[in-house]
Amino acid sequence: MLPSATVSRNLSLTIVPPAAPPAPGPAPAPAATPVPAPAAARAVVLIGMPGAGKSSIGKRLAQRLGLPFRDADTEIEAAAGQPITEIFARYGEPHFREGERRVISRLLAGPPVVLATGGGAYADAETRRAIREAGAVAVWLRCALPVLLPRVSGRATRPMFLNQDPVEVLRRLMAARHHLYAEADLIVDCLDENPEATTDRVQGALDGFSPPARLPVGLGARGYDVVVGEGLLARAGALLAPALPARRLAILSDASVAALHLPALRAGLEEAGIEIRASLTVPPGEASKGLATYGSVLEDMLAAGIDRGTAVLALGGGVVGDLAGFVAATALRGLPFVQVPTTLLAQVDSSVGGKTGINLRAGKNLAGAFHQPRIVLADTGVLATLPPRELRAGYAEVAKHGLLQGPLWTWCEAEGAKAVAGDPAALRHAVMESCRLKSAVVAADEREESAEGGRALLNLGHTFGHAIEAECGYDGSLLHGEGVAIGLGLAARLSGLLGLCDPDLPGRVEAHLRAVGLPARLGDLPRRFALEALMRRMRKDKKVRDGHLRFVLLRGPGEALTQEGVDPQIVEALLRAEGALG
């Protein structure tokens, strides 16, 4: 094996280790999406330029994996009863590609095989889709021109090279196909070496391959996947391209996130030939989620030449996601939208479900729209760059999901501290299970229209939290997740006052939040609040109906309910006991 040869997991240029196993703890319902089978138990499709060695490598690989080998070109010729050169000459390339697609789909519909494809097969969008939907692992054997040239020169069996300068043909094909090949699951750079050495590296790449998890959000034709795993920024182009109407994007980020993660994202997008038509940044913080910034971003994107085929990509936390989503919902009467959340709070909550919006003086998220993304890429590796306070704040939403779901709360109490400490396996578990819960809730009640429960339950802690956050002025002194944490404590305490839950539950909730470093009561903050100001904020909450306060409360972990007509005097008494003035 040559040390200079490069094997990559998709767009990364180094072998990425398999994801760590999930942290121990109960796996909450609903049932998980089936984990993809190991590579050896799935079909393997070799793609690449003419002369990449797909057939010679494929035969050796099939023998090692104990799978049948199939050559798509051979199968096509057998089905057509004539050589490929004659099919091209008599019927043209479009006819050939249609037949090629049918043959590949048939081969992948059966038991696992190692399949070598023709050089143009993976350049066809429908063939790429068929390979993905078959669950096969696509491996790009990437070769430089000097490696390919001697292999294709003078070969009468290659119709595209007949009576042509092979150098010019290869350059033209590379320009047209490489960005499409980049959608493969694995990339193996091939040198001028013996086939056994290349097969060693292909097999090693397959052995180490751990595909990201995909959680479907079931909204019919508007459904999409939440993709969870490490290293996704570097693979962004390959993962996003199938979900985009065209290969062009406008990126919105904040200045802090862009400095950390925009270069990796850009490289991943460019590898797959995705044009970045605009790349804009806003100042970090909740203050950017307002009318002035919204208008400025709209103007700048339009000036950059976006059109209805341009998707808006949000790279950042909840503020950027909400702002970018609202821009996408309203620019040119609606643009495609992509979420690439970089904070724990955004990965477990705000990036999933299509709620977008901005803040007004009257309160949080009072101007907005439901606008679902085409795909969500939750790269859990970027969470290692979060400041500890941001990570803790994001964990408040995990705790909220735990209280809503039940078994996840048991996991939170047992393992949540590991997530807040930055343990990769615990963080992945927290993101996966939170997204699993939220995707199921959104699929059942997308627009929060259920008379009781439904998506409104996801607002547990938010009626109190939003009011506290608004009173703090969105100046960074209180993060959104910190407001939610206090809201969870107050919601549990109000549930106890109303006799809905076990008297021990409020203490349990508060103890866990404090154990992971979050505030749990108003008195945990260094300032005091006016009672009337908090009540006024809550009366403007989006959940208010006919002027009556409406809270999400708890009977116990996994047993949440919406409660209308809560006596304001009980709420006021609770807030006074917490130190509110008035």
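The exercises below work through confidence, salt bridges, cysteines and packing in a predicted model.

Residues are numbered from 1 along each chain as its sequence is written, and side-chain values use heavy atoms, with hydrogens and water left out. Since the model is predicted, local features need pLDDT of at least 70 and side-chain atom pairs count only at pLDDT 80 or more, while totals for chains, interfaces and linings use all residues.

**Exercise 1. Describe the confidence of the model, and state over which residues pLDDT stays under 50.**

Step 1. The scale comes first: pLDDT is the predictor's confidence in each residue, from 0 to 100. The protein has a mean pLDDT of 90, and 92% of its residues reach 70 or more.

Step 2. Over residues 1-37 pLDDT stays under 50. For this segment the model has 88 contacts beyond four places in sequence, where contact means heavy atoms within 4.5 Å.

**Exercise 2. Locate the salt bridges of Glu-126 and Glu-415 in their helices, and determine whether each of the two glutamates is buried or partly exposed.**

Step 1. A salt bridge is a side-chain nitrogen of Lys or Arg within 4 Å of a carboxyl oxygen of Asp or Glu, and a search of the whole structure finds 42 of them. Helices are DSSP runs of H or I with at least four residues, numbered from the N terminus.

Step 2. Glu-126 pairs with Arg-129 at 2.6 Å, N to O. Because these two residues are three apart in helix 5 (residues 125-133), about one helical turn separates them.

Step 3. For accessibility, buried means under 20% relative accessible area, exposed over 50%, and partly exposed in between (1.4 Å probe, protein chains only). Glu-126, at 39%, is partly exposed, and Arg-129, at 31%, is partly exposed.

Step 4. Glu-415 pairs with Lys-418 at 2.9 Å, N to O, and both lie in helix 15 (residues 407-420), three residues apart, about one turn of the helix. Here Glu-415 is buried, with a relative accessible area of 10%, whereas Lys-418 is partly exposed at 38%.

**Exercise 3. Work out which parts of the chain the salt bridge between Arg-493 and Glu-510 ties together.**

Step 1. The side chains of Arg-493 and Glu-510 meet at 2.8 Å, N to O. Arg-493 belongs to helix 18 (residues 480-497) and Glu-510 to helix 19 (residues 505-515), so the pair ties together parts that are 17 residues apart in sequence.

Step 2. Arg-493 is partly exposed, at 23% relative accessible area, while Glu-510 is buried at 5%.

**Exercise 4. Place Asp-322 in its salt-bridge network and list its contacts.**

Step 1. Asp-322 lies in helix 12 (residues 318-330) and is buried, with a relative accessible area of 11%.

Step 2. A network of salt bridges links Asp-322 with Glu-286, Lys-289, Lys-364 and Glu-469.

Step 3. Not counting residues up to four places away in sequence, Asp-322 touches Lys-289, Ser-350, Lys-355, Thr-356, Gly-357 and Asn-365; Lys-289 therefore appears both in this list and in the network.

**Exercise 5. Establish how many disulfides the structure holds, and examine the surroundings of Cys-501.**

Step 1. With a disulfide taken as a pair of cysteine sulfur atoms within 2.5 Å, a search of the whole structure finds zero. Cys-501 is accordingly in no disulfide, and the nearest cysteine sulfur, that of Cys-412, is 17 Å away.

Step 2. Cys-501 is buried at 9% relative accessibility, and Cys-472 is buried at 8%.

**Exercise 6. Characterise the surroundings of Leu-490 and Ser-439, and determine whether each is buried or exposed.**

Step 1. Leu-490 lies in helix 18 and is buried, with a relative accessible area of 1%. Leaving aside neighbours within four places in sequence, Leu-490 is in contact with Phe-464, Ile-468, Ala-520, Leu-574, Leu-575 and Glu-578.

Step 2. The C-alpha atoms of Leu-490 and Leu-553 are separated by 9.6 Å, although the two residues are 63 apart along the chain.

Step 3. Ser-439, found in helix 16 (residues 424-444), is buried at 6% relative accessible area. Beyond its neighbours within four places in sequence, Ser-439 is in contact with Pro-216, Val-217 and Val-352.
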